[in-house]
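Welcome to this short tour. Keep your viewer open, and select each stop as we reach it.

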Amino acid sequence: MKKPNYEDLIMKRAMDIFAEDGLKFFGIDKKVKEPGPTELVVLKTQNMFMDYTFLMEDDTYIHFEFQTTNKNVSDLRRFRAYEALLSHQTGKDVITYVVYSSNIIDVNDVLKTGINEFKVNTISMVDKNGDEVFNYIYDKINKGISLSKDDIISLSFTPIMGGELSKLDRILNTIKVLKDIDDTYRPDVESIIYAFANKFLSGKDLERVKEELKVTELGKSLMDEAKKEKALEIAASLLDVLSIEMIANKTGLTVEEVKSLKEESK
C-alpha cells in the first residue's frame, strides 16, 4: 500500500486560504478561477512537482515557487521547464512568481539561454519584518480586537519574513496564538505553519514544532498518521510470517489494507 504524502495534502489544503486574499498579499490583483495542477508528467514517466498553481479568471495560470535556497541559473532553468510544460499541456499562458525567504537577498530574475530570455517575478520577504507583524497581531489579541483575514494571512507568512527572531521562534510564536484565531481559519493557519516547518526546519527544531502542535486538530491528525505508518511497517514485516487476518488483528489495519500491502510487496 502506497503511503500518502501527508505533507503534500496539507500544503494543498493550506493553499485554499491563499486563493484570493493571499495573492493580494503578494501584490497580485487578479481573481482566481480554480486551483491548478502541481504535478507534471513528462517522458519516461518522470514527475515534476511545482509548489502551487492557480488558474485565474483571465484564463492564465499563476505558478508559485517558495524558495529557501538560491541556485540562480539552476533554479531558473527548472522554473522555465515547469512553465513551458504547464503551458504546453494546458495551452494557456503561465506567469511564474518566486517567493524568496528572508535569508535570500541577491536573486536573478532573468535567464538568458540561446536567443531566448525567461523572466520570473521575484518576491523577497526580507523587506517584511515578521517580528513587527507578530507583535502587532499579538497586541490586537491582548486588547480583545478581532483579527482580520489580512492579519491572519500576514501571521501565517511570518516564518519567511525578515526580523531578528529565527524561523523556528516565529513558527512557535504563531502556534502559541492559534487558540485566539477564528475557528474558520485556524485549520488553515495550522496547516501553513506545519508546511513551512517541514520545508524550512529539520531535526530537533522540526520535532519541537510537532510537539507544540500535538494539542491542535492538525497535531492529532499527524499523530494518527504516524500510528498508521508504524502499523504498515509492522504489517510489512509480518507478511511472510502470519496470515492476513492475524496481521490485521495485531496491527489494527483492515484486512483489505493488509491484502493491498501484500499485493504491492510481490
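A word you will need at once is pLDDT, the predictor's confidence in each residue, from 0 to 100. Another is contact, which means heavy atoms within 4.5 Å. This is a predicted model, in which local features need pLDDT of at least 70 and side-chain atom pairs count only at pLDDT 80 or more, while totals for chains, interfaces and linings use all residues. Residues are numbered from 1 along each chain as its sequence is written, and side-chain values use heavy atoms, with hydrogens and water left out.

**Stop 1: colour by confidence**

Select residues 1–7, where pLDDT stays under 50 and the model has 17 contacts beyond four places in sequence. Where pLDDT is low, the predicted coordinates should not be read in detail. Across the chain the mean pLDDT is 83, and 86% of the residues reach 70 or more. Where is confidence lowest, and where is it highest? It is lowest in helix 1 (residues 6–14), at a mean of 52, and highest in strand 8 (residues 116–119), at 95.

**Stop 2: the whole chain**

Show the cartoon: the secondary structure comes to 11 helices and 9 strands. These are DSSP runs numbered from the N terminus, with helices being H or I of at least four residues and strands E of at least two. Of the 266 residues, 44% count as buried. Here buried means under 20% relative accessible area, exposed over 50%, and partly exposed in between (1.4 Å probe, protein chains only).

**Stop 3: strand 4 and its partners**

Now pick residues 52–56, which form strand 4; 5 of the 5 are buried, so the strand is largely enclosed by the rest of the structure. Tyr52, Phe54 and Met56 point one way, and Thr53 and Leu55 point the other.

Add strand 1 (residues 32–35), which pairs with strand 4 in the antiparallel sense over 3 bridges; two strands pair if DSSP finds at least two bridges between them. Glu34 stands opposite Leu55. Then add strand 5 (residues 61–67), antiparallel to strand 4 and joined to it by 4 bridges. In strand 5, Tyr61 is the residue opposite Leu55. The hairpin of strands 4 and 5 has 4 residues between the strands, and Asp59 takes a positive phi near 70° there.

**Stop 4: Asp51**

Step back to Asp51, in the loop between strand 3 (46–49) and strand 4. A polar atom of the Asp51 side chain lies 2.7 Å from the backbone nitrogen of Phe66. Leaving aside neighbours within four places in sequence, Asp51 is in contact with Thr38, Phe64, Glu65, Phe66 and Lys199.

**Stop 5: two helices**

Select helix 3 (residues 73–90). At 1.5 Å a residue, times one less than the number of residues, its 18 residues should span 26 Å, and the end C-alpha atoms are indeed 26 Å apart. Which residues of helix 3 are buried? They are Asp75, Leu76, Phe79, Tyr82, Glu83 and Leu86. Seen down the axis, these buried residues fall within an arc of 120°, so they line one face of helix 3. The arc is that of the directions from the helix axis to the C-beta atoms. Just after helix 3, Gly91 takes a positive phi of about 75°.

Move on to helix 8 (residues 203–213), where Leu206, Val209 and Leu213 are buried. They cover an arc of only 55° around the axis, which puts them on the same side of helix 8. Gly203 and Lys204, on the other side, are exposed.

**Last stop: Glu256**

Finish in helix 11 (residues 255–265), where you will find Glu256. Glu256 is exposed, with a relative accessible area of 56%.

Conventions: Polar contact = N/O pair within 3.5 Å; in protein donor to acceptor, adjacent residues only side chain to side chain.
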